[in-house]
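Dear colleague,

Please find below the structure that I am handing over to you. My notes on what was found in it follow directly after.

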Amino acid sequence: MATIFFSGTGVAVFYLCLAIYLYGDLSIYAAAIGTSLKDVICASNATTEGDPCWPGYAMTRMDCYRLCVVGTGLLLGPFVFFNVQKTKYIQILTVIFRWCAFTAMIAMAVARLIEDGVQAHPPPLIPTGIPSLFGTCIYSFMCHHSLPSLLAPVREKSHLRWQLPLDFLLIGCFYLLLSLTGVLAFDHLDDLYTLNFLENPGGAFTRIVDYFLALFPVFTLSASLPIVAITLKQNLEAILVVGRRTAVCRALLPLLALVPAFAVTLLTSSVSGLVGFTGSYAGAGVQYLTPVALVFCARRQVATILPSNPVNPHRSPFQSSKWLLFVLIWAALGITLVTINFINGQ
């Protein structure tokens, strides 16, 4: 779609923005996998990254994390040198894992609230957390790039005007349920919420569920990481390669996709920081700026081709140009807040 409505420079900027976002995506996936494995492998009494992974051993938790990240790259990296065409069964398996994990997290948090009561009393609003929330929300709802392929096969598109808002409303309610039960059930939340359940005492079944939740990011993200890396490789190819691909390109592009992302992951284990940065900058470009530019260019092109301006039966209720301006202002405000937050070291 970008090649239809954008100029050559616009297409290059679009691919660059998407590539930066995918680099952040890969870093987040690798960090989440490494952090999950580290917390499962290392002793639970260690708290900081500089603590020994096990009592009496020189290897720290950060060393273990980096070894897990390197191992992830070595195991999953070779898949990036190939193209994944059929991911149907991988996606089905991932969806099953996600639903099992989400249901278990909500159920166990509710059970903890019933048994032990509210463990935390957070303030209603923490203004300094708003910039981080901006990036996290963008990253959480970053699904609109899949909408064209989802909506194209739908025969009766007249119902989409209420079906899509209902879908997003249900997603929002689900996020709130998952978040609020976790905030109230635990007095401290890890960067990866699934790791909080490792601290739960319980019987054999409970411990099995706890370890399943702790390893949940490993199961799901390991299936997605090669696909994201291949997508990034293809975007880099669109930016850098002119003409026919050579053997050198086929060898270097996967490395160019993997090495920078994993290098960033080796430097930091802060999943929340990576999510905030990726969502706030590259995510804002993908979710806000690019759609606004596409809609603006598409409307201008349609007005040139169809000067009579026929009524579109599937037109959006947000068809006014004022909404485009609102989205731009919202994106600029969010990016500004996030930048101030990073400068202040929050």
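The side chain of Arg112 reaches the backbone oxygen of Ala185 at a distance of 2.7 Å. The model is a predicted one, and the distances and accessibilities in this message are to be read accordingly. Arg112 belongs to helix H4, which covers residues 88-116. Although Arg112 is buried, it has no salt bridge. The nearest side chain of opposite charge is that of Asp116, 4.8 Å away, whereas a salt bridge requires a side-chain nitrogen within 4 Å of a carboxyl oxygen.

The partner residue, Ala185, is among the buried residues of H7, together with Leu160, Gly172, Leu178, Thr181 and Gly182. Helix H7 runs over residues 160-185. With 26 residues at 1.5 Å a residue, H7 should span 38 Å, and its end C-alpha atoms are 37 Å apart, which agrees.

Gly182, in helix H7, counts as buried because its relative accessible area is 1%, the limit being under 20%. Leaving aside neighbours within four places in sequence, Gly182 is in contact with Ala109, Leu189 and Tyr193. The C-alpha atoms of Gly182 and Gly10 are separated by 42 Å, with their positions 172 residues apart along the chain.

Salt bridges

How many salt bridges does the structure hold? There are three.

Two of them involve Asp39. Lys38 forms a salt bridge with Asp39, the closest N and O atoms being 3.6 Å apart. Asp39 also forms a salt bridge with Arg61, where the closest N and O atoms are likewise 3.6 Å apart. Asp39 lies in helix H2 and Arg61 in helix H3 (residues 61-76), so this pair ties together parts that are 22 residues apart in sequence. Lys38 is buried, with 2% relative accessibility, and Arg61 is buried as well, with a relative accessible area of 5%.

The side chains of Arg207 and Asp210 meet in another salt bridge, at 3.3 Å from N to O. These residues are three places apart in helix H8 (residues 204-214), so about one helical turn separates Arg207 and Asp210. Are the two residues of this pair buried or partly exposed? Arg207 counts as partly exposed at 25% relative accessibility, while Asp210 counts as buried at 0%. By contrast with this pair, Lys38, Asp39 and Arg61 are joined into one network by salt bridges that share partners.

Helices H2 and H11

Thr35 lies in helix H2, which comprises residues 8-41. At 7% relative accessibility, Thr35 counts as buried. Not counting residues up to four places away in sequence, Thr35 touches Tyr65, Leu192, Leu195, Ser269 and Val271.

Val271, one of the residues touched by Thr35, is also one of the buried residues of H11. The others listed as buried there are Leu274, Val275, Gly276, Thr278, Gly279 and Ser280. Seven of the ten residues of helix H11 (residues 271-280) are buried, so this helix is largely enclosed by the rest of the structure.

Helix H13

Trp330 lies in helix H13, which covers residues 321-343. With a relative accessible area of 42%, Trp330 is partly exposed. Its contacts, leaving aside neighbours within four places in sequence, are with Phe134 and Tyr288. The side chain of Trp330 makes a polar contact with the side chain of Tyr288 at 3.2 Å. Trp330 and Tyr281 are 49 residues apart in sequence, and their C-alpha atoms are 13 Å apart in space.

Record annotations

For "transmembrane region", the unreviewed UniProt entry lists residues 12-32, 64-84, 96-114, 126-147, 168-186, 211-232, 252-275 and 323-343. Two of these ranges were compared with the model. Over residues 12-32 the chain is 100% helix and 0% strand, with end C-alpha atoms 30 Å apart. Over residues 211-232 the chain is 95% helix and 0% strand, and the end C-alpha atoms are 31 Å apart.

With kind regards

Note on methods
Residues numbered from 1 in each chain as written. Predicted model: local features only at pLDDT ≥ 70, side-chain atom pairs only at ≥ 80, totals over all residues. Heavy atoms only, no water. UniProt positions renumbered as here; feature names shortened; annotations may be inferred. Helix = DSSP H or I, 4+ residues; strand = E, 2+ residues; numbered from the N terminus. Expected span 1.5 Å × (residues − 1). Buried < 20%, exposed > 50% of the residue type's maximum accessible area, 1.4 Å probe, protein only. Lys, Arg positive; Asp, Glu negative; His and termini not counted. Polar contact = N/O pair within 3.5 Å; in protein donor to acceptor, adjacent residues only side chain to side chain. Contact = heavy atoms within 4.5 Å.
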